[in-house]
Amino acid sequence: MALTDDAIAKLRSMIQSGELPPGARLPPEPQLATQMGLSRSGVREAVKVLESARVLDVRRGDGTYVTSLAPRLLLEGLGLAVELLRDDTLLEVMEVRRMLEPVATGMAALRMTEAQLDELAQILEDMRAAADDAEKLIRFDTAFHHTVIATTGNETLTSLLDGLSSRTLRARVWRGLIEGNAAHKTIDEHHAIYLALRSRDQLLAHASALMHVNTSEAWLRTVLAANGADG
């Protein structure tokens, strides 16, 4: 493991320094091992780790390349990590969302195009039509928030919030809302966010998103408390 860690550190340094920029092809394994002063097995294992992290792209029969290093690639594993979090830690995830999502929604109010606003309106119609279908609501809810955040033009922020808003987390909240006959109220909160965005009101969009995240967090607490009581 120590040799693998050394190889990872050296490859990371080569990428960070620009010696291996995005899209660059790595030297063949024997050459790279000699260049780094490490064993081929250590280099091979390091490449596997960095491939899993989407830093490297191993193309069989062609070679190993540095990826684009785009945030959507490097932060892709965040969603999987959130899916594995324990119940008590999920509330910390909601706290982070509360810090980021309202600010991003406020930014979106100043940047959304008319076409993007029309897309949101259609998603809202789809949500209302699926008010009692948790699976569809999860899908439309994901699409709604991704569309809003993506319009900030900040790929890192979008990838981060996409990862924090895992499907499992959304499922627990929406199923709790449906069981509590509160789905329509939450859909109304989405509509309030849409109206604020449509009016280009940054402060109102921020406040509407904050209220919505707070509601989702409250329902998550309710669901987790009920699960704890059942356990």
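The largest pocket of this predicted model holds about 370 Å³ of space. Its lining counts 18 residues. Glu29, Val47, Val58, Gly63 and Thr64 lie nearest the centre of the pocket. Four elements give two or more residues to this lining: helix H2 (29-36), helix H3 (40-52), and the strands E1 and E2. H3 supplies the largest share, five residues. By class, the lining of the largest pocket divides into seven nonpolar, three polar and eight charged residues.

**The hairpin at the pocket**

Strands E1 and E2 both contribute to the pocket lining. E1 covers residues 56-59, and E2 covers residues 63-66. The two strands run antiparallel, joined by four bridges. Arg59 stands opposite Gly63 in E2. Together E1 and E2 form a hairpin, with three residues between them. In the turn, Gly61 has a positive phi of about 80 degrees.

Which way do the residues of E2 point? Gly63 and Tyr65 point one way, while Thr64 and Val66 point the other way. In a regular strand, side chains alternate between the two faces of the sheet. Gly63, Tyr65, Thr64 and Val66 are all buried. Two residues of E2, Gly63 and Thr64, are among those nearest the centre of the largest pocket.

**Val66 and its surroundings**

Val66 is found in strand E2. Why does Val66 count as buried? Its relative accessibility is 3%, and buried means under 20%, so Val66 falls on the buried side of the cut-off.

What does Val66 touch, leaving out residues up to four places away in sequence? Its contacts are Ile15, Leu20, Pro21, Pro22, Gly23, Ala24, Leu26, Val55 and Leu56. Pro22 is one of these contacts. Val66 and Pro22 are 44 residues apart in sequence, yet their C-alpha atoms are 5.1 Å apart in space.

**Enclosed cavities**

Rolling a probe the size of a water molecule over the atoms shows where empty space is left. How many cavities of 30 Å³ or more are there? The count comes to three. The table sets two of them beside the largest pocket.

| Space | Volume | Largest share of lining | Lining by class |
|---|---|---|---|
| Largest pocket | about 370 Å³ | H3, five residues | seven nonpolar, three polar, eight charged residues |
| Largest cavity | about 90 Å³ | H10, five residues | four nonpolar, four polar, three charged residues |
| Second largest cavity | about 50 Å³ | H8, three residues | two nonpolar, three polar, three charged residues |

The largest cavity is lined by Arg97, Asp141, Leu169, Arg170, Val173, Trp174, Leu177, Thr186, His190, His212 and Ser216. Helix H10 (167-179), helix H11 (183-198) and helix H12 (202-230) each give two or more residues to this lining. H10 gives the most.

The second largest cavity has a lining of Glu101, His145, His146, Ile149, Leu161, Asp162, Ser165 and Arg170. Here the elements with two or more lining residues are helix H8 (134-150) and helix H9 (155-164). H8 provides the largest share. Arg170 appears in the linings of both the largest cavity and the second largest cavity.

Terms used
Residues numbered from 1 in each chain as written. Predicted model: local features only at pLDDT ≥ 70, side-chain atom pairs only at ≥ 80, totals over all residues. Heavy atoms only, no water. Buried < 20%, exposed > 50% of the residue type's maximum accessible area, 1.4 Å probe, protein only. Pairing = 2+ DSSP bridges. 1 Å grid on protein atoms, 1.4 Å probe; cavity = no way out; pocket = protein on both sides within 12 Å on 5 of 7 lines; lining within 4 Å. Points joined across faces, edges and corners; volume = space filled by probe spheres on them. Nonpolar A, V, L, I, M, F, W, Y, C, P; charged D, E, K, R; others polar. Contact = heavy atoms within 4.5 Å.
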